[in-house]
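Colleague: Before I use this model for anything, can you walk me through the labels you put on it? I'd like each one set against its cut-off.

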Amino acid sequence: MALWMEAGAEPKTEKELADLDAIAALKQSTALQLKEKGNEYVKMGKKHYSDAIDCYTRAINQNALSDAEQSILYSNRTHVNLLLGNYRRALQDAEGATKLNPSNVKALYRAAKASFSLNLLAEAKGHCEKGLQHSSSNEELKKLAKQIDIQKSEKERRDAEVSKEVSSAKALVSAFETRGLKIGKPMYQELTGLKKPTLDKNNILHWPVLLLYPEVMSSDFIEEFCCPPLPWDKENAYARDAIELYYEAYAGVCLSKRDILLYLLEGTAASHVEDFGNEESGSAQSSNKGSIPQADAARWVKINEKRALYDVLKEPSCVVPGIPVFWVVSRNSSFYKDFKSGNWSPPELA
């Protein structure tokens, strides 16, 4: 009997030929019945989608139908997986269907839909274009193609914005390195928000500056230079000729290039980016390694106000905590002696 024939063996008798024809017809009939049963399960609703997939799978495994019919089975299984949100499986089946029958428009539409759901926009667009080549008036394909174009344009806009932000951040890191500046962990962001330094087209650094008044624990944040009277200075101790400016020496550990980039990109369209290429993948960079403070090093370094900001920031003991932070004290205040003697320390940050 044909059932006991070895795989690949040719039938030798008319009976064996007849048996093979009967088996093929039976498998073909079974496949068609399973296909129809699968279609019925789909119509019965979500609770029966798994039954529909099982029927289509069993029909496919019969290997008894033409390529065009097999393509329909794959496409039908694609449809159910799309309904279930199994987009990766749906795409695999849809592509299998189009290999068997490149003109299967439903399969091409479903391949485009699955690709679109997986955010594979180029692939989705390609499947749509192939479908429209076979059915130029297909409204579903036209509508999906428009959605893909809109999403593609939006993605390109976002990618361009991210690329611009990353390039700007890298340019800033390069400017820090060129100038020999050391950047530490940002501090006092509750007072400054996400304000960061910027680099203009002439390669000039622009810094926001935070001024802290330790005596009264008040602050000024300078975006534009302006010197209004201080409402809390009732005794006028903080007159212009009495104030002194200090920075805190070795205020924190220097950040690596990667951590500086992450800080600069915080709050931008590129805040999710973590891979900056091989050149940014190392640990702390040599240009950002601060000097190790000596045990007897002064904590507070007085600033000569006639010096340029850049000259102050490149001091070996100056680690910029995100943006420059300067402490303002008055020689006319009783607090001045405590500050200068080192008996006062800023509050611990959370």
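Modeller: Let's start with a helix pair: helix 2 passes helix 3 in a left-handed crossing. Keep in mind that this is a predicted model.

Colleague: What makes helix 2 and helix 3 roughly antiparallel?

Modeller: The helix 2 (residues 49-61) and helix 3 (residues 67-84) axes cross at roughly 160° and come within 9 Å. Roughly antiparallel needs an angle over 145 degrees. The value of roughly 160° clears that, and helix 2 and helix 3 therefore get the label.

Colleague: Which residues in helix 2 and helix 3 meet?

Modeller: From helix 2, the list includes Tyr 49, Ile 53, Tyr 56 and Ile 60. Helix 3 brings, among others, Leu 73, Arg 77, Val 80 and Leu 84. By class, the contact of helix 2 with helix 3 splits into 11 nonpolar, 4 polar and 1 charged residues.

Colleague: And helix 4 with helix 5: why are they called roughly antiparallel?

Modeller: Helix 4 (residues 87-100) packs on helix 5 (residues 105-117) at about 150°, and the axes are 8 Å apart. The cut-off is over 145 degrees, and helix 4 and helix 5 are therefore roughly antiparallel. Helix 4 passes helix 5 in a left-handed crossing.

Colleague: What does the contact of helix 4 with helix 5 consist of?

Modeller: Ala 90, Leu 91, Ala 94 and Ala 97 are among the helix 4 residues. They meet a helix 5 set that includes Ala 107, Leu 108, Ala 111 and Ala 114, with Arg 110 also on the list. The residues of this contact divide into 9 nonpolar, 3 polar and 1 charged.

Colleague: Now a lysine. Is Lys 35 buried or exposed, and how do you know?

Modeller: Buried. Its relative accessible area is 12%, and the label asks for under 20%; Lys 35 therefore qualifies. Lys 35 sits in helix 1 (residues 14-43). Leaving aside neighbours within four places in sequence, Lys 35 is in contact with Tyr 56, Ala 59, Glu 69, Ile 72, Leu 73 and Asn 76.

Colleague: Same check for Ser 71: buried or exposed?

Modeller: Ser 71 comes out at 0% relative accessibility. With the limit at under 20%, Ser 71 counts as buried. Ser 71 lies in helix 3. Not counting residues up to four places away in sequence, Ser 71 touches Ala 97, Leu 100, Asn 101 and Asn 104. The Ser 71 and Asp 93 C-alpha atoms are separated by 9.0 Å, with the two residues 22 apart along the chain.

Colleague: On to the sheet. How do you know that strand 4 and strand 5 pair?

Modeller: A pair needs at least two bridges. Strand 4 (residues 209-213) and strand 5 (residues 218-222) have 5 bridges, in the antiparallel sense, so they pass. Val 209 stands opposite Ile 222, and Leu 210 has Phe 221 as its bridge partner in strand 5. Strand 4 and strand 5 form a hairpin with 4 residues between them, and Met 217 in the turn has a positive phi of about 55°.

Colleague: What makes the pairing in the sheet mixed?

Modeller: The sheet is open, with 5 strands in the order 5-4-9-6-7. Strand 4 and strand 9 run parallel, joined by 3 bridges, whereas strand 6 (residues 243-248) pairs with strand 9 in the antiparallel sense over 4 bridges. Both senses occur, and the pairing is mixed. On the parallel side, Leu 210 has Val 325 as its bridge partner in strand 9; on the antiparallel side, Ile 243 stands opposite Ser 330.

Colleague: Why are strand 5 and strand 7 said to stand at the edges?

Modeller: Each has a single partner strand, so one side of each is left without a neighbour in the sheet. The twist averages 35° from one strand to the next.

Colleague: Last one: what makes strand 9 mostly covered?

Modeller: In strand 9 (residues 325-330), 6 of its 6 residues are buried. Val 325, Trp 327 and Val 329 point one way, Phe 326, Val 328 and Ser 330 the other way, and all are buried. For the protein as a whole, 40% of the 350 residues count as buried.

Methods
Residues are numbered from 1 along each chain as its sequence is written. This is a predicted model: local features need pLDDT of at least 70, side-chain atom pairs count only at pLDDT 80 or more; totals for chains, interfaces and linings use all residues. Side-chain values use heavy atoms; hydrogens and water are left out. Axes are lines fitted to C-alpha atoms, for helices over the stretch in contact, and angles run from 0 to 180 degrees between N-to-C directions. Helices (H or I, at least four residues) and strands (E, at least two) are DSSP runs, numbered from the N terminus. Angles under 35 degrees count as roughly parallel, over 145 as roughly antiparallel, 65 to 115 as roughly perpendicular and the rest as oblique. A crossing is left-handed if the near helix is turned anticlockwise from the far one by less than a right angle, and right-handed if clockwise. Contact means heavy atoms within 4.5 Å. Ala, Val, Leu, Ile, Met, Phe, Trp, Tyr, Cys and Pro count as nonpolar, Asp, Glu, Lys and Arg as charged, and the others, Gly among them, as polar. Buried means under 20% relative accessible area, exposed over 50%, partly exposed in between (1.4 Å probe, protein chains only).
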